[in-house]
Protein chains: 2
Amino acid sequence: MNTSPPRSLHQVPGRPSPTLEDLALAAGVSRSTASRAINGGDRVSPEARAAVDRAVADLGYIPNRAARSLVTRRTSSIALVIPEPDVRVMMDPFFAVVITGITEALRETDVQLVLLMSRTGDDSARTLRYLRGGHVDGAIVVSHHRADSWARSLSETGLPTIFIGRPWDTASDVTYVDTDNEGGGRLAARHLAGIGRRRLATVAGPADMTAAVDRLRGWQAGLRDAGLPEGPVVHADFTTDGAAAAARQLLTDHPDVDGIFAASDLMALGVLEAVHASGRTVPGDIALMGYDNHAVAGTASTPLTSITQSIMQMAVRAGAMLLEEIEAPGSHPEPVVYSTELVERASTMVAPRASAVKA
Amino acid sequence: MNTSPPRSLHQVPGRPSPTLEDLALAAGVSRSTASRAINGGDRVSPEARAAVDRAVADLGYIPNRAARSLVTRRTSSIALVIPEPDVRVMMDPFFAVVITGITEALRETDVQLVLLMSRTGDDSARTLRYLRGGHVDGAIVVSHHRADSWARSLSETGLPTIFIGRPWDTASDVTYVDTDNEGGGRLAARHLAGIGRRRLATVAGPADMTAAVDRLRGWQAGLRDAGLPEGPVVHADFTTDGAAAAARQLLTDHPDVDGIFAASDLMALGVLEAVHASGRTVPGDIALMGYDNHAVAGTASTPLTSITQSIMQMAVRAGAMLLEEIEAPGSHPEPVVYSTELVERASTMVAPRASAVKA
DNA sequence: AGGAACCGTGGGAGCGCTCTCACTCCGTGG
DNA sequence: CCACGGAGTGAGAGCGCTCCCACGGTTCCT
């Protein structure tokens, strides 16, 4: 016989937490009834339920998730998958808002959010293993680059999945939420054309990101609508420095442009720098627009006209949709696309020099 | 009788994932041996191990975490607790870096990061329940306000916990990592004094946050060191607008100040605005410093001198320390404090007007 | 040569929970 | 009056895993 208590190697000192058995004993019912009472089953008499409730409070009973999960095959947790997040990408307020939004959708639920960031290809294999290992009930994937084949891989596992941002591979029945990047691009073109600019150019984002491609497509459509030529297009990598370099080239090749649409505010900052460095003014010589309505858009030396999109709303929706699909598998909700709006600031306003511009 | 197969309510269609039993069968060993091989136990013959490895690959075996967790009482996951995170706080790049850093510390481990954001008091009770429920092996708490009593509550549960940012309640044996806010404040005072400013004021952060208090203490110590008077102190809430208001008041009450230290870059932006609005120039009339070396410090209309702190390094360390403490409970590591550095930019440089300032 | 000390192995118990099934106790209808 | 069904309950199996223990086979020491 073993005399020493058979404790596992890592055990929090204090008293062991009460089990369902203890609870049942305290409540004077069977384990089964206690379980039913706890899970809100409807085959429990009011008295039994009350007794259990009291015992829960007395004992400070907390169900063991592992045990529950073992039999139900549900984990009450979902994953937020962020493929290849270099720090720079992570710093984007976008992620903060996405995380906050999902968390918002999850409150009132006991579902927890597990963060899965897979940097290298090696890592992403592990991530995929984790996901198909049944360790989460569903996943929200922040879709980014054309390269990552998350859409296909995940849909194969049958794990309920929602994409934030339209994935490349829309062919399959993937569900996603997104903002209307195309509409936003169109708004930008319409606005710049509307204030009388005629020689318009854009600093687009990377060609392997749907958001960038969609904004560009919308921009070009908007130009067509306004009867303007398609104008020069240069691509940059959504960073300030990258955009500055691209804009320098643009200004050299097309010295006559009078309006530029940068596909992100951070890039617009770079464009602003390049425009100033070339001796031109904003908005005097060149009207400039950004996208995202990032905080910096308001604080830039010339506050930037930009396009807002309710990322928070989108993230909350994504969370809610995932919960729905977990609850009722097979229901493949339609993709949801949120509209965008234009926010006008000094960078596209002609007359008054920026002075008292407050958010 | 129910004729339909007795499946649990939510079951992924595909074939059920192989269990350890299946694995053992395929490898031609017992379940015990398979388990040992998988967990890297040392009592396994090379042949057996190889057979198991092969079977793992063949079957695509993934251990069931719930079952494992049930018996080991380990969950292979840790929590990142963010008390009362309003969206504004979340947008701070600080969190992005913290998350990235912790994730970095966790790779090469199969430990997962669970995000616990508790907004309301009600929420925080749930969070605490979750933590003491044994659902995670440890926690990293981003410490913020004096009010939240996380330090005490958690240390009572015995759950391994690391604080990021010195908690208020240092009395107990809490382990934390932090940056040297006091040293940073001192650096700021020394720098402004060093460039010849004599009438110095500070826009400090909220008095209920240790980071703010420490920076202020350091600042005041630095002034003393330099033989300067303690000068005016106004408090703001780490936001741009709040600081702008505070600075306006400051400039009214003390029109002769020639140097201001704002305890964050975002606040420095507000101060900058107020200084300009009062018709003064930076750095001509007033030398201005921020703190954090936030991205905006470089992109502001007058690039801001600031204090850098390696939050990434701190976060990685926090993750590593937590893993250590989980591995070897009882080892209470000493708090770690990372040093800070000054980054000089136009806002404290006298002669040349800001023009070609590049990061 | 005999025992101790090991090694690699397999059997079995049991972690805390849910869920099926059987059972009792009613009320209801034939 | 007895069969019947439903509501409330409890016993028991079993989810997939780890870990303790017992067992045969070496090797090493006495």
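Let's start with one arginine in this predicted model: A:Arg199 has a relative accessible area of 42%, so it counts as partly exposed. Its salt-bridge partner is A:Asp258, and the closest N and O atoms of the two are 3.7 Å apart. The bridge ties together distant parts of the chain, 59 residues apart. A:Arg199 sits in the loop between H9 and strand S6 (200–204) of chain A, while A:Asp258 belongs to the loop between helix H11 (240–253) and strand S8 (259–262). The aspartate has a relative accessibility of 10%, so A:Asp258 is classed as buried. In this pair, then, a partly exposed arginine meets a buried aspartate.

Why might such residues find each other? Side chains of opposite charge can pair when their charged atoms come close.

A second pair to look at is A:Arg186 with A:Asp225, a salt bridge whose closest N and O atoms are 3.4 Å apart. Here too, distant parts of the chain are linked: A:Arg186 is in helix H9 (residues 181–194) and A:Asp225 is in helix H10 (residues 210–225) of chain A, 39 residues apart. A:Asp225 is exposed, at 54% relative accessible area, whereas A:Arg186 is partly exposed at 26%.

Chain B offers an example as well. B:Glu104 and B:Arg107 form a salt bridge, with 3.8 Å between their closest N and O atoms. The glutamate is partly exposed, with 29% relative accessibility, but B:Arg107 is buried, its value being 19%. The cut-off matters for that arginine: buried means under 20% relative accessible area, so a residue at 19% falls into that class.

Some bridges also join up. Salt bridges that share partners connect A:Arg166, A:Glu182, A:Asp214 and A:Arg217 into one network. To explore this network on your screen, try A:Asp214, which lies in helix H10 of chain A. This aspartate is buried, with a relative accessibility of 7%. Leaving aside residues up to four places away in sequence, A:Asp214 touches A:Arg166, A:Asn181 and A:Glu182. Over all chains, a search of the whole structure gives 23 salt bridges.

Now zoom out to see how the two chains sit together. A rotation of 180°, with 0.1 Å of shift along its axis, places chain A on chain B with an RMSD of 0.2 Å. That is the relation of a two-fold axis. Both copies use the same surface, since 95% of the contact residues of chain A recur in chain B. Chain A brings 60 residues to the contact and chain B brings 59 residues.

How many salt bridges are there between chain A and chain B? The count is zero. There are, however, four residue pairs in polar contact between the chains, both residues being at pLDDT 80 or more. The area buried between them is about 4900 Å², and carbon and sulfur atoms give 61% of that area.

On the side of chain A that touches chain B, the elements giving two or more residues include helix H4 (65–72), strand S2 (112–118), helix H12 (265–277) and helix H14 (311–327). Helix H6 (93–106) is also among them, and H6(A) gives the most, with seven residues. By type, the residues on this side of chain A divide into 26 nonpolar, 17 polar and 17 charged.

Terms used:
Residues are numbered from 1 along each chain as its sequence is written. Chains are lettered from A and ligands numbered from 1 in the order in which they are written. This is a predicted model: local features need pLDDT of at least 70, side-chain atom pairs count only at pLDDT 80 or more; totals for chains, interfaces and linings use all residues. Side-chain values use heavy atoms; hydrogens and water are left out. A salt bridge is a side-chain nitrogen of Lys or Arg within 4 Å of a carboxyl oxygen of Asp or Glu. Helices (H or I, at least four residues) and strands (E, at least two) are DSSP runs, numbered from the N terminus. Buried means under 20% relative accessible area, exposed over 50%, partly exposed in between (1.4 Å probe, protein chains only). Copies are superposed by least squares on the C-alpha atoms of residues with pLDDT of at least 70 in both. Contact means heavy atoms within 4.5 Å. Buried area is the accessible area (1.4 Å probe) that two parts lose on being put together, summed over both. A polar contact is a pair of N or O atoms within 3.5 Å; within protein, one must be able to donate a hydrogen and the other to accept it, and residues adjacent in sequence count only if both atoms are side-chain atoms. Ala, Val, Leu, Ile, Met, Phe, Trp, Tyr, Cys and Pro count as nonpolar, Asp, Glu, Lys and Arg as charged, and the others, Gly among them, as polar.
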